[in-house]
Amino acid sequence: MVDFLHYVEKSSDECLPEVCDERLKHLHEIVKNIKASKQMGVTYMKMEERDRLIREKGEKLGEKRGEQRISKLYANLVKDNRVEEILKADGDQDFREELLKEYGL
């Protein structure tokens, strides 16, 4: 088991003990074949690209939602005749968070 855990950390020829379980040797052969496969390289790159696109989309959505919360906050402050607090909230994140909680945003 210890040999397996060390192997999993690096999964290279150097990390494979000379004297180890046959199952670990078999696993190592499978890992080497996968690493040498061009198709696996292409698949990996596609997964990386997909993950990047998903992350970017999530970031944009988060920014949009954040902007909507701030817009609603500022509209509420104007409605409640607390306009001077908009400038303070714009420069003070902790104060802005307090106001967002106050208005349930």
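In what order do the elements of the protein chain run from the N terminus on? In this predicted model, the order is α-α-α-α-α. The chain accordingly contains five helices and zero strands. Of its 105 residues, 19% are buried. The surface that the protein chain exposes amounts to about 8,700 Å², and carbon and sulfur atoms supply 56% of that area. Among contacts between residues at least 6 apart in sequence, 28% join residues at least 24 apart.

The description below concerns the nonpolar core and the helices that supply it. In soluble globular proteins, nonpolar side chains tend to be buried together. The largest nonpolar core of the model consists of eight residues, namely Leu 73, Tyr 74, Leu 77, Ile 86, Ala 89, Phe 95, Leu 99 and Leu 100. At least two residues of this core come from each of helix H3 (38–79), helix H4 (84–91) and helix H5 (93–102). Within this group, Ile 86 touches Tyr 74 and Leu 77, and Ile 86 also touches Val 78, when residues up to four places away in sequence are not counted.

Two packed helices are described by the angle between their axes and the distance between the axes. For H3 and H4, the packing angle is about 155° and the axes lie 9 Å apart. Because angles over 145 degrees count as roughly antiparallel, H3 is roughly antiparallel to H4. On the H3 side, this contact is made by Tyr 74, Leu 77 and Val 78, and on the H4 side by Glu 85, Ile 86, Ala 89 and Asp 90. Classified by residue type, the contact of H3 with H4 comprises five nonpolar, no polar and two charged residues.

The packing of H3 with H5 was examined in the corresponding way. The axes of H3 and H5 come within 10 Å and cross at roughly 75°. Since angles of 65 to 115 degrees count as roughly perpendicular, H3 and H5 are described as roughly perpendicular to each other. H3 contributes Arg 69, Ile 70, Leu 73, Tyr 74 and Leu 77 to the contact, whereas H5 contributes Arg 96, Glu 97, Leu 99 and Leu 100. By class, six nonpolar, no polar and three charged residues form the contact of H3 with H5. Tyr 74 and Leu 77 of H3 thus take part in the contact with H4 and also in the contact with H5, and both residues belong to the largest nonpolar core.

Individual residues of H3 and of the loop that follows were then considered. Asn 76 lies in helix H3. Because the limit for a buried residue is under 20% relative accessible area, Asn 76 is classed as buried at 19%. Its contacts, not counting residues up to four places away in sequence, are with Tyr 103 and Leu 105.

Asn 81 is placed in the loop between H3 and H4. Phi of Asn 81 is near 60°, a positive value in a residue other than glycine. With a relative accessible area of 63%, Asn 81 is exposed. Val 83 is likewise placed in the loop between H3 and H4. The relative accessible area of Val 83 is 43%, and Val 83 is therefore partly exposed. Val 83 touches Leu 77 and Val 78, again not counting residues up to four places away in sequence. Leu 77 and Val 78 are also touched by Ile 86.

Methods. Residues are numbered from 1 along each chain as its sequence is written. This is a predicted model: local features need pLDDT of at least 70, side-chain atom pairs count only at pLDDT 80 or more; totals for chains, interfaces and linings use all residues. Side-chain values use heavy atoms; hydrogens and water are left out. A nonpolar core is a set of buried Ala, Val, Leu, Ile, Met, Phe, Trp, Tyr and Cys residues joined through side-chain atoms within 4.5 Å. Buried means under 20% relative accessible area, exposed over 50%, partly exposed in between (1.4 Å probe, protein chains only). Helices (H or I, at least four residues) and strands (E, at least two) are DSSP runs, numbered from the N terminus. Contact means heavy atoms within 4.5 Å. Axes are lines fitted to C-alpha atoms, for helices over the stretch in contact, and angles run from 0 to 180 degrees between N-to-C directions. Angles under 35 degrees count as roughly parallel, over 145 as roughly antiparallel, 65 to 115 as roughly perpendicular and the rest as oblique. Ala, Val, Leu, Ile, Met, Phe, Trp, Tyr, Cys and Pro count as nonpolar, Asp, Glu, Lys and Arg as charged, and the others, Gly among them, as polar. Accessible areas come from the Shrake-Rupley method with a 1.4 Å probe; for residues, only the protein chains shown count as cover.
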